[in-house]
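Me: I've got a new model open and I'd like to look closely at one part of it. Could you walk me through that part slowly, and then show me what is around it?

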Amino acid sequence: MTVDFIFEFLSGLLDGFISSNSLLIISMLVPCLAIFGFITVYALVVIYAELKVSSFIQDKVGPMGQGVGLHAGKWGLLQPIADALKLLLKEDIIPSSADKPLFILAPFMIFIGAFISFIAIPFGESIIVTDLNIGIFYILGVGSIAVLSLILAGWASNNKWSLYGGMRSAAQIVSYEIPAGLSLIVVIMLAGTLNMQDIIKYQAGGIFNWIIFDNPFVPIAFVVYFISAIAETNRTPFDLPESESELVAGFATEYSGMRYAFFFLSEYANMFVVSAVAAAGFLGGWHSPIQGFMDSPAWGVFWMINKTGFLIFVMIWLRWTLPRLRVDQLMNVCWKVFLPLALINIFGVAIWTVVFNS
Amino acid sequence: MGVVHGQEMVLNIGPQHPATHGVLRLQVKTDGEVISEITPYLGYLHRCFEKHCENVSYEQVIPFTDRCDYLASMTMNFGYVVAMEQLMDIKVNDRVEYIRVIMAELQRIASHLLATGVFGLDLGAFTPFLHMLRDRERIIDLFEMTCGARLLYNYMWVGGLSHDLPKGFVEATLKFLDYFEPKIDEFENLLGHNKIFVERTADIGIMPAEVAINYGVTGPNLRASGVNWDLRKDNPYSVYSKLDFNVPIGKGIKGTVGDSWDRFYVRLQEIRESVKIVRQAIDQLPKDGDVHQSMPKKIRPPKGSIYSRTESPRGDLGYYIESDGSDTPYRLKMRSPAFTALGVLNEIAGGWLMSDVLAILGSLDIVLGEIDR
Amino acid sequence: MSEDLQALIDEAVKKALAGDDDAINGIQDRVTRSKAKAALVKAKREQSKAVDENSDSESIEEQPTTDNSEYIILKIAKILEDKFSGCIDGEVHSDFIQLKPEKWFEISKFLKEDPDTYFDSLQCNTGFDLGDGLLESRYNLHSMKHLHSIEIRIKVNIDNPDIPSVESVWRVADWFERETYDMFGINFTGHRDLRRILLPEDWDGWPLRKDYEEQETYHGIVVPKVKEGWE
Amino acid sequence: MKRYFTDIYESVSSILGGMSITLVHLFKARNDNVTLQYPEEKWPRPERNIGFDHNSYNVIRSRLHVDMDDCIGCLKCERACPVDCIKIETEKAPARGEDLKEIKHKGVTSNGTRKALVVTRFDIDMSECCYCNLCTYPCPEECIFMTGGPNAKKHPIDYEFSEPDRSDLIYRFAKKGAKEGLAELNNSKQEAEA
């Protein structure tokens with residue numbers, strides 16, 4: 001379902017009516033809208049999941065209600081919609097002493113960063129917006145745009161708490177890019193390609209062909225990548241940039257309404273991106289765990305979404321279990337534990353491959 | 001390691017801030033994340049407790065003591081009535097004493113649950129906080145059963161209690177304790193031994209014993225510094241001398257004696273001890289005895305003054321009462337434990353990182369209602 | 001509680017009374033264990049009660065310090081009179097020591113550091129309006145080492161309410177003195193940071209003095225004296 | 001170096017331990033929770049009766065209610081209130097212990113006390129009430145007590161007595177027009193005498 005495919009399909013359908021340039025733009029817009037719709041629906045689902053999972057972990061019942069009206073629907077199903085509506089209808093406040101252009105730019109930038117990562121995520125055997133030959137590299141690259149917008153938000157708010165949040169996020173995200181990237185190198189070494197679809201195709205043929213079970217070093221690489229990914233998405237125990245009990249709300253202190261919703265949305269979108277990369281890189285992507293069992297292209301989407309969803313659930317689960325790290329400890333964990341581990345993994349995998357697989 | 005010093009920035013933590021446990025303003029000087037000096041500004045919650053007391057009669061003071069430490073109202077009542085009974089030389093019967101002890105210890109459990117839970121919340125752990133609130137809720141249900149109120153009880157009166165225990169209270173309490181005891185272990189495993197929590201609290205905010213005594217820090221904070229000082233043991237009031245319990249002190253299991261983790265752990269241990277005390281007190285509770293037996297018709301203490309101390313969940317709670325023979329106090333001063341505990345903050349928290357300062361503040365377990373009075 | 005458990009507890013308590021401490025600690029179930037502990041305490045108390053009745057005379061000696069406080073106050077008053085002659089204001093009372101303000105700082109240092117007195121903790125500082133133009137500051141001292149406590153009172157004139165600060169002796173006095181200053185206007189000389197603590201900086205008057213009158217307005221806001229709705 | 005690896009081991013084991021605890025709660029949330037679905041479910045009413053002997057004393061801390069037929073206007077509750085939220089005014093009744101039908105005044109309380117005063121005003125400001133229950137004790141006729149209040153029949157217990165205007169929280173218990181009625185009564189009496 002790539003852009004090329006849509007372009008060819010549309011040009012076959014509308015040949016002669018519209019110029020090919022306009023057709024190209026249209027065929028690019030269609031997947032964009034699809035992704036946007038997907039993000040919105042997914043965010044509503046995952047917000048509901050977060051509410052419910054956290055409530056059950058805390059022995060509460062979470063959003064509940066008897067019906068539509070003043071209540072939040074059966075089992076509180078309408079709660080995320082109500083949340084979204086509330087954020088949409090809230091007054092848009094820009095502090096008078098804020099740097100206005102940057103203040104307005106920051107939420108869009110973070111959302112764009114999350115949004116354009118989606119185009120290289122393979123949802124199925126043929127469902128990918130653009131099958132880039134450097135897909136995994138591209139996702140890592142554009143994922144770092146988030147840090148720019150967080151610094152922008154922290155600086156432009158003209159608030160000391162926001163500034164702290166922005167500076168913390170800069171240090172944190174830049175640091176954790178490194179172990180995450182080094183862990184993905186393991187995947188690239190094994191698969192021998194940067195292309196997402198090729199990485200997944202390398203893992204065909206049942207659960208034991210997945211990269212995570214390839215050799216004893218890869219599970220460690222997976223754990224390192226996953227934890228670094230949590231740190232990159234600013235979630236507890238790594239939510240220092242917005243730690244609510246220290247920095248009020250960190251970089252998002254001065255944001256309200258729709259602008260705040262963009263930060264919120266892109267946090268959840270980023271969670272999906274990093275989980276999808278983990279699922280594609282380590283857990284076999286859209287392959288079924290058992291070869292031949294529910295292993296058609298249509299089921300591929302099911303497997304991909306489920307693997308990603310499981311990883312997102314683990315993120316939520318971790319968030320509601322652990323306290324938060326301190327700034328220097330965060331850096332310690334990154335540079336003194338994860339970086340050596342990631343490097344050892346690369347060597348280990350390389351040696352293992354040479355000794356056992358050749 | 002080379003340290004780069006920049007220009008100092010003045011930052012106001014509070015009055016409205018999630019981690020200040022009320023309305024407290026800490027003016028801090030920061031250099032990056034490092035905080036060099038902390039100046040607390042109090043009084044945002046000042047309700048003229050002492051001025052009020054000079055204008056109301058002795059029994060009307062009790063509802064005001066409730067509102068000073070709203071998380072441990074029973075023990076605030078307890079301290080006041082103990083002081084008044086010493087001043088008026090009233091001896092109450094054993095049933096009253098035991099009921100008071102049961103209530104005070106249940107209140108201590110509730111207060112410590114909130115203190116440790118909120119401490120976790122300050123460090124970002126949300127779940128233990130709500131688990132602890134869940135169990136505090138059950139204790140509050142017991143209080144509601146007894147006196148109808150959930151937070152501000154006005155239950156202990158000079159020379160007695162406002163009500164006797166209701167039917168079924170003892171059974172309900174024992175049922176609660178049976179349910180609650182395994183939960184303490186769970187709290188300990190979920191929060192206390194978590195590596196991140198240990199890293200955040202052990203060796204942080206160390207308060208040596210001399211500093212603690214010099215700054216007048218009392219209660220669990222002092223005991224965490226390794227000083228074995230508990231008024232229930234060392235200057236027993238009520239029937240504490242007839243009960244058997246240990247005084248947990250900080251041993252520096254995860255770090256140094258007197259660090260934040262010790263303060264947390266001492267509170268957790270005190271919850272266990274309080275459970276033990278409640279069990280014993282229920283065991284020994286006399287079956288009969290009128291709770292209004294020794295209540296004076298009109299409270300007119302003789303001329304004189306008294307300084308009496310009791311052990312509230314936060315430390316030594318002192319009442320200085322001066323009577324001029326009339327039915328209103330001439331002067332009533334409350335020496336609140338959290339007031340002195342906050343005073344030590346600059347001493348032990350200066351020079352730490354921002355996150356640590358808020359963790360230390362959380363570990364001191366302050367209640368602003370009691371500080372500002 | 002089932003009968004099995006009760007029997008188990010009884011047995012464990014019996015063993016523990018005989019000196020086998022592990023009998024109770026060996027019980028697996030937490031709840032049962034603590035019940036057994038409570039039962040043990042009860043049994044022990046009954047035992048000790050029997051012992052007490054036999055030897056009443058012993059317990060009197062172990063009375064806490066509150067009873068011989070009078071003796072301690074007289075003793076300390078004597079020490080102070082010897083050391084700083086003329087420091088005691090008026091006669092010697094049995095439940096407190098009335099001092100003159102002049103040498104209070106030196107006396108406080110002595111009280112804290114002398115091995116006989118060793119008052120290492122200041123429990124409370126209470127301001128006081130005695131009427132007749134007199135203010136008083138009262139200090140409750142306590143010694144963690146000797147477990148004795150005294151009360152010291154210092155009277156000053158309302159027109160010149162100067163008392164030496166003991167903030168550098170007991171650090172806890174820092175905030176206590178600020179509070180007393182805040183409420184009574186007693187000026188603690190030598191205090192490094194004597195500001196109002198509970199009230200705003202720009203508050204008028206000393207609220208806990210008996211002659212205090214409320215302000216009419218505060219920052220332009222009229223202070224309500226009569227409740228609305230009561231007509 | 002050993003410290004380094006024990007740290008890593010402790011981190012992993014304690015985090016996994018914590019996660020297993022939360023996982024258990026995730027699936028057994030219903031066992032321990034104390035949540036009430038508020039508008040549908042409410043706190044149970046405390047189980048003791050409203051009564052005035054000490055063993056079964058009223059333990060509800062809710063809004064105050066005054067049984068005006070029993071009130072003798074002794075002002076004891078007004079004096080007991082620590083926040084001065086009760087205001088009572090009385091006037092002398094024309095005759096002790098007699099019913100005054102014009103202003104619905106009852107002469108004798110249910111305890112048999114003959115009233116000498118007519119309560120012309122009995123206001124309680126519930127927005128100031130601190131729910132300390134001190135006023136209910138001194139009452140000799142046991143006519144002031146905490147209860148579900150005027151809406152007691154509608155709700156089993158009224159924790160939520162909200163009002164759109166703060167002045168609506170001043171409850172006026174005295175019989176309507178008692179003051180004017182009494183003045184009129186006295187006037188007509190004087191006229192009759194004259």
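In β4(C), which residue is the bridge partner of C:L134?

Reply: The bridge partner of C:L134 in β4(C) is C:N157. Before we go further, keep in mind that this is a predicted model. Its overall scores are ipTM 0.80 and pTM 0.83.

Let's start with the two strands behind your question. Strand β3 of chain C covers residues 134-142, and strand β4 of chain C covers residues 149-157. They pair in the antiparallel sense, over 9 bridges. The pair you asked about, C:L134 with C:N157, joins residue 134, where β3(C) begins, to residue 157, where β4(C) ends.

Now step back to the sheet. β3 and β4 belong to an open sheet of 4 strands in chain C, in the order β1-β4-β3-β2. The pairing in this sheet is mixed. At the edges stand β1 (97-99) and β2 of chain C. Each has a single partner strand, so one side of each is left without a neighbour in the sheet. From one strand to the next, the twist averages 25°.

There is a helix here too. α7(C) lies across β2 and β3 of chain C, and it runs at about 10° to β2(C). So that you can follow where this leads, hang on to α7 and β2, as both names come back in a moment.

Chain C also meets a neighbour. 30 of its residues are in contact with 32 residues of chain B. Three elements give two or more residues to the chain C side: α3 (30-54), β2 (121-131) and α7 (173-184). Of these, α3(C) gives the most, with 8 residues. By type, the residues on this side of chain C divide into 17 nonpolar, 5 polar and 8 charged. Among the 5 pairs of chains that touch, chains B and C have the most contacts.

What about chain A? No contact joins it to chain C, and the closest C-alpha atoms of the two chains lie 23 Å apart. Chain A does touch chain B, though: 21 residues of chain A are in contact with 27 residues of chain B. On the chain A side, those residues divide into 8 nonpolar, 6 polar and 7 charged. If you want a residue to click on in chain A, try A:F313, which is found in helix α11 (residues 297-319). A:F313 has 16 C-beta neighbours inside 10 Å, and counts as partly exposed. Its C-alpha is 8.2 Å from that of A:A49, even though the two are 264 residues apart in sequence.

Chain B has some antiparallel strands of its own to set beside your pair. Strand β6 of chain B (residues 304-312) is joined to β7(B) by 9 bridges, and the two run antiparallel. They form a hairpin, with 2 residues between them. One pairing to look for here is B:R309 with its bridge partner B:G318 in β7(B). β7(B) is also joined to strand β8 of chain B (residues 331-335), by 5 bridges, and again the strands run antiparallel. In that pairing, B:Y320 stands opposite B:K333 in β8(B). Strand β7 of chain B spans residues 315-323, and 9 of its 9 residues are buried, so it is largely enclosed by the rest of the structure.

Last, take a look at chain D, which has an open sheet of 3 strands in the order β2-β3-β5. The pairing there is antiparallel. Its edge strands are β2 (86-92) and β5 (170-172), each pairing on one side only. The twist averages 15° from one strand to the next. β2(D) is joined to strand β3 of chain D (residues 117-125) by 7 bridges, and the bridge partner of D:K92 in β3(D) is D:L117. Helix α4 of chain D (residues 178-193) packs on this sheet and touches β2 and β3, with its direction making about 165° with that of β3(D).

A word on confidence in chain D: the mean pLDDT is 75, and 82% of its residues reach 70 or more. Within chain D, helix α2 (residues 29-32) has the lowest confidence, at a mean of 71, while helix α3 (residues 76-80) has the highest, at 85.

Definitions and conventions:
Residues are numbered from 1 along each chain as its sequence is written. Chains are lettered from A and ligands numbered from 1 in the order in which they are written. This is a predicted model: local features need pLDDT of at least 70, side-chain atom pairs count only at pLDDT 80 or more; totals for chains, interfaces and linings use all residues. pLDDT is the predictor's confidence in each residue, from 0 to 100. Two residues are in contact if their C-beta atoms, placed from the backbone, lie within 7 Å. Ala, Val, Leu, Ile, Met, Phe, Trp, Tyr, Cys and Pro count as nonpolar, Asp, Glu, Lys and Arg as charged, and the others, Gly among them, as polar. A residue is buried if 20 or more other C-beta atoms lie within 10 Å of its own, exposed if 12 or fewer, and partly exposed in between; C-beta atoms are placed from the backbone. Two strands pair if DSSP finds at least two bridges between them. Axes are lines fitted to C-alpha atoms, for helices over the stretch in contact, and angles run from 0 to 180 degrees between N-to-C directions.
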